[in-house]
Amino acid sequence: MSDVEAAQNIQKHIYLERLGLDIYLWAGIAGVAVLGVSIALSYFLGWGQRFFYSYLVNYVYFLSLSLGALFFVSLQHLTRSGWSVTVRRIAEIFAANSALMAVLFIPIFIGMSSLYPWTNHELVAHDALLQGKQPYLNIPFFVIRCLFYFASWIYLSQYFLNRSLEQDKTGDANLTLRMERLSAPGMALFALTITFAAFDWLMSLDPRWFSTIYGVYFFTGCVVGFIALLAVTAFLLQSSGRLTGAITIEHYHDLGKLLFGFIFFWGYIAFSQYMLIWYANLPEETGWIFRRTDIHEGQWGWVGLILFFGHFIIPFLGLISRYPKRRKRLLVFWAVWALIAHWLDLYWLVMPEYSPQLASLHLLDITCFIGIGGLYFALAARIAKGRALLPIRDPRLEESLNFENA
């Protein structure tokens with residue numbers, strides 16, 4: 001096949017078309033319906049507080065995928081990467097879902113009194129430590145910070161997506177330069193906002209505990225989750241006949257290397273946080289980790305062991321060689337494994353604050369996952385509707401199409 005024929009073949013299979021509409025309709029209907037069932041169950045069965053905890057876990061899970069996507073897009077522009085051009089549009093679409101996540105944050109605002117002890121004025125009045133944190137942990141400042149986080153993420157994600165789509169029409173290479181110029185300050189802004197969002201939404205569930213590495217821990221989970229999602233999405237699109245000539249084994253190989261690298265990085269950060277708390281042995285730090293690692297006083301220690309092997313040791317060994325990175329189905333297996341492990345990690349971070357002893361799965365955990373997930377993928381399909389699934393006039397597209405690993 002000539003280069004011209006190959007280019008024409010690629011152009012034929014880069015739109016979702018009817019599949020996008022089907023995903024938008026059915027995922028959207030499922031999301032609205034199941035989320036409505038979750039709210040109804042929590043109201044009529046008295047599961048109000050449990051609903052907010054289940055909602056928070058699943059909300060942060062899907063938000064983390066968009067944040068990982070935003071990091072991926074920024075990183076490709078920052079490093080002027082050529083290999084990733086054919087998979088970058090998928091990342092741009094998922095990153096743009098941050099606008100939906102801003103709307104879906106409303107229930108967390110509503111449930112703040114059920115989630116965050118520092119909103120209880122009576123409790124704060126009798127706790128000197130919480131009183132000292134009041135200049136930061138107060139509702140008005142919390143709301144302002146959240147608005148700043150979402151404004152930053154929405155601006156960055158929309159900027160990269162819109163400039164990329166504009167380049168599809170005009171072919172203007174200067175748009176690539178503009179995205180590259182924004183990527184450096186954008187990456188700094190991203191690092192700042194994701195760190196403090198992790199502090200605010202997850203770490204402050206126990207306002208007496210603190211860890212300066214917590215933001216990095218959350219960030220690594222975001223990237224692991226998104227790289228895994230990107231590999232699965234690319235595989236499903238190719239299984240439906242799309243992007244078959246654009247995403248090759250070479251791209252899967254690099255995605256596998258990134259997934260392996262960030263799984264290792266997650267393990268390193270998790271160990272660093274645990275080791276420093278264990279070595280210092282300070283009462284104000286050990287309570288949080290003790291609830292999640294002790295296998296004698298509660299069940300969460302067993303979940304921690306599952307995470308140690310399931311999020312680190314097993315996928316580390318599974319992805320360490322070249323072989324699984326160049327076998328699409330095997331790589332997708334480990335990607336799905338990583339997505340499940342990432343959800344369990346967030347569950348382990350959040351749920352011990354609701355139930356310090358028992359680590360049980362609740363019906364609301366499942367319905368909130370389906371509800372938020374349905375809306376998440378429905379909007380992603382809506383964003384992709386009528387738009388190419390790869391940057392068709394990016395100046396580095398040819399480099400990406402011809403990319404080969406050494």
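Tyr-55 and Tyr-59 share helix H3, where four residues, about one turn of the helix, separate them. In this predicted model, their rings form a stacked aromatic pair, with 6.2 Å from centre to centre and 10° between the planes. Tyr-55 counts as buried because its relative accessibility is 1%, and Tyr-59 is likewise buried, its relative accessible area being 0%. A second pair offers a useful companion case: the ring centres of Phe-333 and Trp-337 lie 6.0 Å apart with the planes at 55°, so this pair is tilted. Phe-333 and Trp-337 both belong to helix H16 (residues 328-350), again four residues apart, or about one turn of the helix. Here the rings are partly exposed, with a relative accessible area of 42% for Phe-333 and 29% for Trp-337. The spacing in sequence fits a familiar rule: an α-helix has 3.6 residues a turn, so residues three or four places apart point the same way. The count of aromatic pairs comes to 57.

Tyr-59 also leads into the nonpolar interior. The largest nonpolar core has 128 residues, and Tyr-59, Tyr-116, Trp-153 and Trp-201 are those with the most contacts inside it. Helix H3 (residues 48-78) gives the most to this core, namely 18 residues. The surroundings of Trp-153 can be followed residue by residue. Beyond its neighbours within four places in sequence, Trp-153 is in contact with Leu-63, Leu-67, Leu-70, Ser-98, Phe-190, Thr-193, Ile-194, Ala-197 and Trp-201.

Two helices lend themselves to a simple check of length. Helix H13 (residues 249-280) has 32 residues, which at 1.5 Å a residue should span 46 Å, and its end C-alpha atoms are indeed 46 Å apart. Asn-281, which follows H13, has a positive phi, near 55°. For helix H2 (residues 18-44), the 27 residues should span 39 Å at 1.5 Å a residue, in agreement with the 39 Å between its end C-alpha atoms. Gly-46, which follows H2, also has a positive phi, near 70°. The buried residues of H2 are Gly-20, Ala-27, Gly-28, Gly-31, Leu-35, Ser-38 and Ser-42, and what covers them includes H3 and helix H17 (363-384).

Charged side chains complete the picture, with 16 salt bridges found across the whole structure. In one of them, Arg-50 meets Asp-365 at 2.6 Å, N to O. Arg-50 lies in helix H3 and Asp-365 in helix H17, so this pair ties together parts that are 315 residues apart in sequence. Arg-50 is buried, with a relative accessible area of 6%, as is Asp-365, with 2%.

Arg-145 takes part in two kinds of interaction. Its side chain meets that of Asp-200 in a salt bridge of 2.7 Å, N to O. Since Arg-145 lies in helix H10 (residues 139-170) and Asp-200 in helix H11 (residues 174-201), the pair ties together parts that are 55 residues apart in sequence. Both Arg-145 and Asp-200 are buried. The charged end of Arg-145 also sits over the ring of Tyr-136, 3.7 Å from its centre. Lys-325 is placed over a ring as well, with its charged end 5.2 Å from the centre of Phe-260.

Within helix H4 (residues 85-95), Arg-89 and Glu-92 are three residues apart, about one turn of the helix, and their side chains meet in a salt bridge of 2.8 Å, N to O. Arg-89 is buried, with a relative accessible area of 1%, and Glu-92 is buried with a relative accessible area of 1%.

Terms used
Residues are numbered from 1 along each chain as its sequence is written. This is a predicted model: local features need pLDDT of at least 70, side-chain atom pairs count only at pLDDT 80 or more; totals for chains, interfaces and linings use all residues. Side-chain values use heavy atoms; hydrogens and water are left out. A nonpolar core is a set of buried Ala, Val, Leu, Ile, Met, Phe, Trp, Tyr and Cys residues joined through side-chain atoms within 4.5 Å. Buried means under 20% relative accessible area, exposed over 50%, partly exposed in between (1.4 Å probe, protein chains only). Helices (H or I, at least four residues) and strands (E, at least two) are DSSP runs, numbered from the N terminus. Contact means heavy atoms within 4.5 Å. The expected span of a helix is 1.5 Å times one less than its number of residues. Rings of Phe, Tyr and Trp (its six-membered ring) pair if their centres lie within 6.5 Å; planes under 30 degrees apart count as stacked, over 60 as edge-to-face and the rest as tilted. A charge sits over a ring if NZ of Lys or CZ of Arg is within 6 Å of the ring centre and within 35 degrees of the ring normal. A salt bridge is a side-chain nitrogen of Lys or Arg within 4 Å of a carboxyl oxygen of Asp or Glu.
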